[in-house]
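Please open the model in your viewer and keep the sequence beside it. The tour below proposes a series of selections and describes what each one shows.

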Amino acid sequence: MARTQVKRNPFHPFSSFDTATLGGVAFGQTVLMRATLAAGLEWDTASAHSAAYDAERTADLFCTVCNQFQGVFDASRRRLASMGPLEIEPSPEPATESGQDPTEPAGPRRL
């Protein structure tokens with residue numbers, strides 16, 4: 001972030017993840033070629049495995065993944081803004097009659 005002079009870094013200073021992980025989360029593919037194609041980007045097999053080509057494809061894939069989450073980012077900012085100041089964490093509510101743990105997100109899990 002410092003090298004590219006990004007003004008608003010959305011990541012925690014101790015964050016560490018790689019593009020293979022992002023490709024796996026966003027597209028279900030951890031191999032650069034497959035993740036790139038799944039993202040709808042072009043892939044040139046003849047150029048693959050050169051440092052410059054792989055670095056460019058990796059950067060394109062990273063930006064594609066991050067840009068897809070802009071809506072999620074915007075929605076979470078609106079949701080938090082509607083809650084007002086959050087200096088104190090809300091206390092957990094008691095378990096509901098359905099037995100749902102109030103600390104778990106509502107609705108079915110999807111993974």
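Begin by selecting L37, and bear in mind that this is a predicted model. L37 is partly exposed, because its relative accessible area of 45% lies between the 20% limit for buried residues and the 50% limit for exposed ones. This residue belongs to helix 2, which covers residues 32-38.

Now add V31 and M33 to the selection and display the surface. Together with L37, these residues form a nonpolar patch there. The accessible area of V31, M33 and L37 taken together is about 250 Å².

Next, select helix 1, residues 19-27. Which residues of helix 1 are buried? They are T19, L22, G23 and F27. Turn the view until you look down the axis of helix 1: its buried residues fall within an arc of 100°, and therefore they line one face of the helix. To see what lies against these buried residues, show helix 2 together with helix 3 (51-68), since the buried residues of helix 1 pack against both.

Remain with helix 1 and select T19, which is found in this helix. Is T19 buried or exposed? T19 is buried, because its relative accessible area of 16% is under the 20% limit. Then add T58, L61 and F62 to the selection. T19 is in contact with these three residues, when its neighbours within four places in sequence are left aside.

Move on to G28, just after helix 1. At this position the backbone takes a positive phi of about 70°.

Now display the whole protein chain. How many helices and strands does it contain? There are 4 helices and 0 strands, and from the N terminus on the order of elements is α-α-α-α. Of the 111 residues in the chain, 13% are buried. The accessible surface of the chain comes to about 9300 Å², and carbon and sulfur atoms account for 56% of that surface. Among contacts with a separation of 6 or more, 37% join residues that are 24 or more positions apart.

Finally, colour the chain by pLDDT. The mean pLDDT is 81, and 77% of the residues reach 70 or more. Compare the elements you have visited: helix 2 has the highest mean pLDDT among the elements of the chain, at 96, while helix 1 has the lowest, at 89. Where pLDDT is low, the predicted coordinates should not be read in detail.

Definitions and conventions
Residues numbered from 1 in each chain as written. Predicted model: local features only at pLDDT ≥ 70, side-chain atom pairs only at ≥ 80, totals over all residues. Heavy atoms only, no water. Patch = residues over 30% accessible without salt bridge, like charges linked within 9 Å, V, L, I, M, F, W, Y side chains within 5 Å. Areas by Shrake-Rupley, 256 points an atom, 1.4 Å probe, with all protein chains shown as cover. Salt bridge = Lys/Arg side-chain N within 4 Å of Asp/Glu carboxyl O. Helix = DSSP H or I, 4+ residues; strand = E, 2+ residues; numbered from the N terminus. Buried < 20%, exposed > 50% of the residue type's maximum accessible area, 1.4 Å probe, protein only. Arc of directions from axis to C-beta. Contact = heavy atoms within 4.5 Å. pLDDT = per-residue confidence, 0-100.
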